[in-house]
Amino acid sequence: MVRSTLSAAEARRVTLAAQGFGAAPADTVATRTLTSTIGRLGLLQIDSVNVFERSHYLPLFARLGGYDRAVLDRLTLTRRGPYAEYWAHEAAFVARTDLPLFRWRMDAYRERDARPNRVAGVERTAGVRRELRALLAAEGPMPASAVEHEANVRRGPWWGWSDVKTGLEQMFRWGEVVSAGRSGFERVYALPDQVLPVGALETAPDRHTAITELVRRATRAIGVGTRADLADHFRLRSDDTAAAITELVDRGELLPVRVEGWREQAWLHAGTRVPRHVTADAVLSPFDPVVWFRRRAERMFGFHYRIEIYTPAPKRVFGYYVLPVLQDDRLTGRVDLKSDRQRGVLRVRTAWQEPGEHLDAERLAVTLRRAAAWQGLDGIEVTDRGTAAAAVAGALGVALVPHEAADDPAAADADADDVTT
């Protein structure tokens with residue numbers, strides 16, 4: 001049956017089913033299950049903050065339950081793994097075979113960097129880039145830290161990069177170098193032919209063909225979405241996205257639909273099934289596709305979400321590293337989690353119930369126990385901050401502990417590693 005309208009609840013269920021929610025967590029997660037789930041999502045966004053767990057591990061845990069992170073490391077962090085990095089959303093892991101789909105973006109970055117307001121920085125590193133190409137050709141893939149030397153002085157208190165790192169990042173944007181895994185979570189750079197089939201980027205599809213394919217994949221990944229939703233998944237321009245939608249509709253692959261409460265037109269992939277219910281219990285990374293486009297999360301779930309890592313501690317509302325709580329097809333709460341590995345404890349620094357929602361504390365307790373076990377932690381500690389703190393502590397069978405100032409890191413990088421993402 002062809003659908004022309006969806007209720008708000010149906011739209012949520014379509015999205016969550018497309019995103020891989022609905023199945024009970026398995027005792028053992030096979031490698032092919034990890035790869036098929038990444039395939040559903042299209043990418044895993046990378047972020048350097050490591051408070052509870054690095055962001056790219058969390059979408060798979062949310063959907064599959066406890067899995068062996070070493071298996072994902074072999075897939076994403078090794079030179080010959082099937083995944084590579086690029087600016088596919090923000091910095092993200094994508095299938096290595098999908099890099100040609102972003103050749104047009106590499107060219108666009110090169111054109112942008114040739115503009116009058118940026119060209120000075122490109123000219124300054126021209127000599128460094130020549131040396132880097134020769135060095136990588138002679139010695140093979142390496143991280144920036146293996147190239148830097150005393151003459152390369154960091155400029156600035158936090159993200160100041162040497163000319164070596166600046167040159168590598170320019171080359172990475174343009175496709176002159178590609179990622180070859182990570183070493184100590186630092187990106188390793190390689191010449192394309194060292195890790196890709198020879199000439200892979202030179203035989204890439206043209207811009208329109210590539211963007212149309214990315215929009216098709218975005219629609220399958222998010223289930224149902226507006227033009228802005230589809231554009232955001234791979235960070236595409238609105239006009240390019242509109243042209244791709246028109247072509248996909250003409251080909252019968254996308255169907256226009258109206259969603260209850262949405263002001264804008266939406267599209268659904270042809271053949272999409274609308275589930276009658278979706279069972280889910282998860283905490284979501286701030287960079288999970290369900291919530292990474294904040295306007296969509298608010299429109300779909302009524303969930304106003306802003307990450308507060310970079311907010312001064314006195315001005316934070318919910319906490320430092322706050323994860324939305326997904327229960328079935330609703331975002332019912334949020335928790336600020338920290339893996340205290342020295343003490344072997346998962347710390348629930350704050351716990352909140354969303355206004356107008358029912359947070360099932362017993363179900364959240366099961367999710368938190370699963371999270372602690374996955375992190376190799378023996379206990380769970382709940383502080384007394386948040387509207388759901390007492391209920392969560394009661395469901396876990398633990399006493400509340402006082403919330404202290406130390407639970408609100410004042411510096412933006414207090415729990416972050418200063419690495420390239």
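Arginine 251 is partly exposed, with a relative accessible area of 45%, and I start with this residue because its partner, glutamate 247, is also partly exposed, in that case at 27%. The two side chains form a salt bridge, in which the closest N and O atoms are 2.9 Å apart. Please keep in mind throughout that this is a predicted model, and that what I describe is computed from it.

As a general matter, side chains of opposite charge can pair when their charged atoms come close. In this model the count of salt bridges comes to 33, and I will go through a few of them.

Let me turn to aspartate 113 and arginine 173, whose side chains meet in a salt bridge with an N to O distance of 2.9 Å. Aspartate 113 belongs to helix H5, residues 103-113, while arginine 173 belongs to helix H8, residues 163-174, and so this pair ties together parts that lie 60 residues apart in sequence. Is this pair buried or exposed? Aspartate 113 is buried, and arginine 173 is buried as well.

Another pair of this kind is aspartate 229 with arginine 296, a salt bridge in which the closest N and O atoms are 2.8 Å apart. Here, too, distant parts of the chain are linked, since aspartate 229 sits in helix H11, residues 227-233, and arginine 296 sits in helix H13, residues 294-301, the two being 67 residues apart. Both aspartate 229 and arginine 296 are buried.

Beyond these pairs, there is a network of salt bridges that links Glu85, Glu169, Arg182 and Arg187.

Glu85 falls within strand E3, which covers residues 83-87, and that brings me to the sheet. What is the order of its strands? The sheet is open, has three strands in the order E2-E4-E3, and pairs them in the antiparallel sense. Strand E2, residues 44-45, and strand E3 stand at the edges with a single partner strand each, so one side of each has no neighbour in the sheet. Between E3 and strand E4, residues 91-95, the antiparallel pairing runs over five bridges, and alanine 84 stands opposite valine 94 in E4.

Finally, a word on alanine 30, which is placed in the loop between helix H1, residues 8-18, and helix H2, residues 31-41. This alanine 30 has a relative accessibility of 26% and therefore counts as partly exposed. Its C-alpha atom is separated by 8.3 Å from that of tyrosine 67, although alanine 30 and tyrosine 67 are 37 residues apart along the chain.

Note on methods: Residues are numbered from 1 along each chain as its sequence is written. This is a predicted model: local features need pLDDT of at least 70, side-chain atom pairs count only at pLDDT 80 or more; totals for chains, interfaces and linings use all residues. Side-chain values use heavy atoms; hydrogens and water are left out. Two strands pair if DSSP finds at least two bridges between them. Helices (H or I, at least four residues) and strands (E, at least two) are DSSP runs, numbered from the N terminus. A salt bridge is a side-chain nitrogen of Lys or Arg within 4 Å of a carboxyl oxygen of Asp or Glu. Buried means under 20% relative accessible area, exposed over 50%, partly exposed in between (1.4 Å probe, protein chains only).
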